[in-house]
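Work through these exercises with the model open beside you. Try each task before reading its solution.

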Amino acid sequence: MYHHVKRLMYTVNVGTPEPRFGNMLLEQFGGANGELAAALQYSIQGLNCDDPDRQDLLMDIGTEELSHLEIVGTLARMHLKPMKKSATAAESDPLVAIAGGGGATLCNSMGTPWTADYLKITGELDVDLRSNIAAEARAKIVYERLINFCDDPGTKDALQFLMTREIAHMKSFAFALDSLGKKPFSIGQIPPTPELVDQYFNDSTGVGDHGERDARGPWNSGNGWEFVEAPAFGEIRAGEGGRAEGKSRSAHR
Ligand code: MN
Ligand code: MN
């Protein structure tokens, strides 16, 4: 059950309203990485969660995100307010000014309506937790950019709070994933095909005009990796040389 307390989670003070910045703030209201998307993603994951402890976590953070939606919506409303009367202010976001009356609307900063397609809900707890860690990272970086484009100290202060909470959530989701005790890279029940799972395909080759140098790192060397040279060319060479077996993807099907 939800209960609304008529008080913001964090006090919002706006010195000089900036309608153009109010429009940017809508990205965190009705955008892909915004607070409504976060609130609904975690709450619906929680609704579907069979693990009572992690369900509690998902519902706690989902509910906190609703409080963030209220903060960022209040911030946007305060910055958009001049649009109610000033034609110059209205020009910074005609959709919000004309259709929305200068209030927060459920769109992103470009006026694209919010969509449930933003939500990542798979019904597999560890997969959902990974999605949530990535979602928090995206929300954090969007807040950071908003802070960098903001001149108003009161607004910056509220955004700093919201940005910090995203890292707090990221920590909770990361520790929750860890607490499941799953082996690294183990997703679902069906094991991946041995050998194939340890092959790195060097699918971009050449230097200079033909491509970049081949970079090597822990993503393709050590850690049990087998570095497979240009599987596509391997198939061509195999075709040219009669029936020779190329080290290609098809060889393992
Ligand atoms: Mn949030
Ligand atoms: Mn969050």
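**Exercise 1.** By about how much of the helix are Glu65 and His68 separated in helix H4?

Solution. Keep in mind that this model is predicted.
- Step 1. Glu65 and His68 both sit in helix H4, 3 residues apart.
- Step 2. That spacing is about one helical turn, so about one turn separates Glu65 from His68.
- Step 3. Now check exposure, where buried means under 20% relative accessible area. Glu65 has 0%, so Glu65 is buried. His68 also counts as buried, at 0% relative accessibility.

**Exercise 2.** List the protein donors that coordinate the manganese ion (ligand 1), and read their spacing along the chain.

Solution.
- Step 1. Glu35 appears twice in the list, each time through an OE atom.
- Step 2. Glu65 (OE), His68 (ND1) and Glu166 (OE) complete the list.
- Step 3. The distances run from 2.1 to 2.6 Å.
- Step 4. Along the sequence, the donor residues follow the pattern E-x29-E-x2-H-x97-E.

**Exercise 3.** Do likewise for the manganese ion (ligand 2).

Solution.
- Step 1. Glu136 is listed twice here, both times with OE.
- Step 2. The other donors are Glu65 (OE), Glu166 (OE) and His169 (ND1).
- Step 3. These protein donors lie 2.0 to 2.4 Å from the ion.
- Step 4. The donor residues are spaced E-x70-E-x29-E-x2-H.
- Step 5. His169 has a relative accessible area of 2%, so His169 is buried.

**Exercise 4.** How far apart are the manganese ion (ligand 1) and the manganese ion (ligand 2), and which residue bridges them?

Solution.
- Step 1. The two ions lie 3.6 Å apart.
- Step 2. Glu65 bridges them, coordinating both.
- Step 3. Distant parts of the chain are linked by the pair. Glu65 belongs to helix H4 (residues 52-80), while His169 belongs to helix H8, 104 residues away.

**Exercise 5.** Are H3 and H4 roughly parallel or roughly antiparallel to each other?

Solution.
- Step 1. The axes of H3 and H4 cross at roughly 160° and come within 8 Å.
- Step 2. Angles over 145 degrees count as roughly antiparallel. H3 and H4 are therefore roughly antiparallel.
- Step 3. Their crossing is left-handed.
- Step 4. Look at who meets whom. Among the H3 residues are Glu35, Ala39 and Tyr42, and the H4 residues include Gly62, Glu65 and His68.
- Step 5. The residues of this contact divide into 11 nonpolar, 7 polar and 2 charged.

**Exercise 6.** Place Ala39 in the model and find its contacts, leaving aside neighbours within four places in sequence.

Solution.
- Step 1. Ala39 lies in helix H3 (residues 35-47).
- Step 2. Its relative accessible area is 1%, so Ala39 is buried.
- Step 3. With those neighbours set aside, Ala39 is in contact with Gly62, Glu65 and Leu66.
- Step 4. Compare Phe21. Ala39 and Phe21 are 18 residues apart in sequence and 23 Å apart in space, C-alpha to C-alpha.

**Exercise 7.** Describe how H7 and H8 pack, then sort the residues of their contact.

Solution.
- Step 1. H7 covers residues 125-148 and H8 covers residues 153-179.
- Step 2. Their axes are 9 Å apart, at an angle of about 160°. That makes H7 roughly antiparallel to H8.
- Step 3. The crossing of H7 and H8 is left-handed.
- Step 4. The contact residues comprise 16 nonpolar, 3 polar and 7 charged.

How values were computed. Residues numbered from 1 in each chain as written. Chains lettered and ligands numbered in written order. Predicted model: local features only at pLDDT ≥ 70, side-chain atom pairs only at ≥ 80, totals over all residues. Heavy atoms only, no water. Axes fitted to C-alpha atoms, helices over the stretch in contact; angles between N-to-C directions. Helix = DSSP H or I, 4+ residues; strand = E, 2+ residues; numbered from the N terminus. Parallel < 35°, antiparallel > 145°, perpendicular 65-115°, else oblique. Left-handed = near helix turned anticlockwise from the far one by under 90°. Nonpolar A, V, L, I, M, F, W, Y, C, P; charged D, E, K, R; others polar. Donors = N, O, S within 2.8 Å, 3.2 Å for Na, K, Ca; no water. Buried < 20%, exposed > 50% of the residue type's maximum accessible area, 1.4 Å probe, protein only. Contact = heavy atoms within 4.5 Å.
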